[in-house]
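Student: I would like to study this structure step by step, with a reason given for each answer. May we begin?

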Amino acid sequence: MGQKRWIAAMAITGFLGAAGIIMAAILPSVIDKKVKSQAADQAMFTADNEKDWAHIPGDMKIEVHRDYYLYNLSLSNPDDLFKLGAEGKKIEVTKIGPFSYHERQDDLAIAYSDDREKVFIKPYTYYVRTDDSMDDETLITSINLGAYGVWYQTTQLETYKLAATALTTTYGAMMQSLWIDAFTLAIYYMNFKPSDTTPETTVKANFKKFVFGESISEELFETIYADPRFGLQTPLTLSNWFSAAMNYPNDQVAPALQEYFLLSKGEMDQALGNFKNLTTDLQTVIEGVYQCTDDDCLAQHQWATTEVTSVPLLPQIPKYPSVINFNDTTSYAPEMGFYQKNTFIPSLPVDEQEAYSKVTWPKTLTKTLLKFDINGPVDTKDSLFNIGNMQFIFDTCQHIDETNLDNFQPISERFHLTNMQSRILWNYIRYILNKIGLAGKPQPSSTYEEFQDWKGRAAVLEIGSIALYQTTVKFYDHV
């Protein structure tokens, strides 16, 4: 009897052991699949669980609290800002705050794909001031680091470096904008400018049909057409659309326009596709007229002759003697061809004017003279944008008698110019230096009152961003 019980116990134990082994092998896998399934269901963005993910705090009761502190300048004497270093005093600041807010987040315009595999949202973040926050109307005095950076940089840079900056600003802006501006002006005056025979209502109807077709409402089109910053009714604002079309979809302008006007991707694709078709046609015309196939060539041609703007493609396109006349958002001096004709030659004695009016700038020359890289320094031996060449020009010409053309021989040999061309070039560089680079360059002892005028120069000089980092470091070393 005892033996039978022992055998039964062994059998039960064996069975339970085997079952345990099987469960140990299978159960984790089953549990893991169940957990992953539940986790996937819970993590998936669906209409049923929007309350758990689409809003903060929402049903999750999550509060995001943010405290901000600002530093107020305590300037009893603003001139101290211009005396950083051994002569200056530490700039005193007072910590003010906290400015306290609850951060709120909402996902708006939620839409799901037909297969429910994708969800489209438009995140929106806003802040609600708490009761214990500092008043939002608290006055804070801070330094304008952009303008201050310009002032500091111009007091430190050698003159030839300022001249290089001025030339880069002038030519770089022209090279970036001229191609698009030429397209825009031609298309606007050929197709979309209201006139006595084509009233604005007709132009707008044609514009809508050509650009968007029936894909957008009349109300939305009116908004796009009349927008003062990115609309369609002026060449200046229309150029944004051609700029986006030229490089679409590898361009940052297009997403900005799409977001700004709340257009769908399909609506944007259609509009920019139509614009791009026009620019392709016009590029053929420009190539035929100017024998230019890229931005560099067109800008070089304009810089030397101004023919791109002064000889329009078609009679209805107005003449612009210089790029400074047709785009008021750019800040650069006129081209050398414009300067030579309108400033340099009239300044000469009458008996010299005829000879200098015959000086020309062949394309083969300007191609090497204006070798330019918008992304960084230029090391080409013959380029004006080589900073070493600019230093050479100033070292050679700064103290010479320019009425003696032989004094320009070193410049002529360096850049393969005639002495008359060298004289014009030297005077042009000085002109744009005074117009953009120096512009009344303040001395290191400048007062606060003088600095007020410099705040307006920050955008024109376009070197504030270059100077900003090192200026900020120097400034906070003295705070």
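The dialogue below treats a predicted model.

Student: How many helices and strands are there in the protein chain?
Tutor: The model is predicted, and the counts are computed from it. Of the 479 residues in the protein chain, 38% are buried. The chain holds 20 helices and 4 strands.

Student: At which residue does helix 4 bend?
Tutor: Helix 4 covers residues 159-192, which is 34 residues. From its first C-alpha to its last it reaches 46 Å, close to the 50 Å expected at 1.5 Å a residue. There is nevertheless a bend of about 40° in helix 4, and it lies at Ser177.

Student: How many residues of the largest nonpolar core come from helix 4?
Tutor: In soluble globular proteins, nonpolar side chains tend to be buried together. Helix 4 is mostly covered, with 27 of its 34 residues buried. The largest nonpolar core has 85 residues, and Trp241, Phe275, Trp303 and Trp361 have the most contacts inside it. The largest share of this core comes from helix 4, namely 20 residues.

Student: Is Lys204, which forms a salt bridge with Glu222, buried or exposed?
Tutor: The closest N and O atoms of Glu222 and Lys204 are 3.0 Å apart. Glu222 belongs to helix 6 and Lys204 to helix 5, 18 residues apart. Glu222 is partly exposed, with a relative accessible area of 35%. For Lys204 the relative accessible area is 18%, and the limit for the buried class is under 20%, so Lys204 is buried.

Student: In which helix do Asp269 and Lys265 both lie?
Tutor: The side chains of Asp269 and Lys265 meet in a salt bridge of 3.0 Å, N to O. An α-helix has 3.6 residues a turn, so residues three or four places apart point the same way. Asp269 and Lys265 are 4 residues apart, about one turn of the helix, and that helix is helix 9.

Student: How many residues apart in sequence are the parts that Arg423 and Glu352 tie together?
Tutor: The side chains of Arg423 and Glu352 meet in a salt bridge of 3.1 Å, N to O. Arg423 lies in helix 17 and Glu352 in helix 13, so the pair ties together parts whose separation in sequence is 71 residues.

Student: Which residues are linked with Glu352 and Arg423 in a network of salt bridges?
Tutor: Arg423 counts as buried at 6% relative accessibility, whereas Glu352 counts as partly exposed at 24%. In the network of salt bridges, Glu352 and Arg423 are linked with Glu402 and Arg430.

Technical notes: Residues are numbered from 1 along each chain as its sequence is written. This is a predicted model: local features need pLDDT of at least 70, side-chain atom pairs count only at pLDDT 80 or more; totals for chains, interfaces and linings use all residues. Side-chain values use heavy atoms; hydrogens and water are left out. Helices (H or I, at least four residues) and strands (E, at least two) are DSSP runs, numbered from the N terminus. The expected span of a helix is 1.5 Å times one less than its number of residues. The bend at a residue is the angle between axes fitted to the seven residues ending there and the seven starting there. Buried means under 20% relative accessible area, exposed over 50%, partly exposed in between (1.4 Å probe, protein chains only). A nonpolar core is a set of buried Ala, Val, Leu, Ile, Met, Phe, Trp, Tyr and Cys residues joined through side-chain atoms within 4.5 Å. A salt bridge is a side-chain nitrogen of Lys or Arg within 4 Å of a carboxyl oxygen of Asp or Glu.
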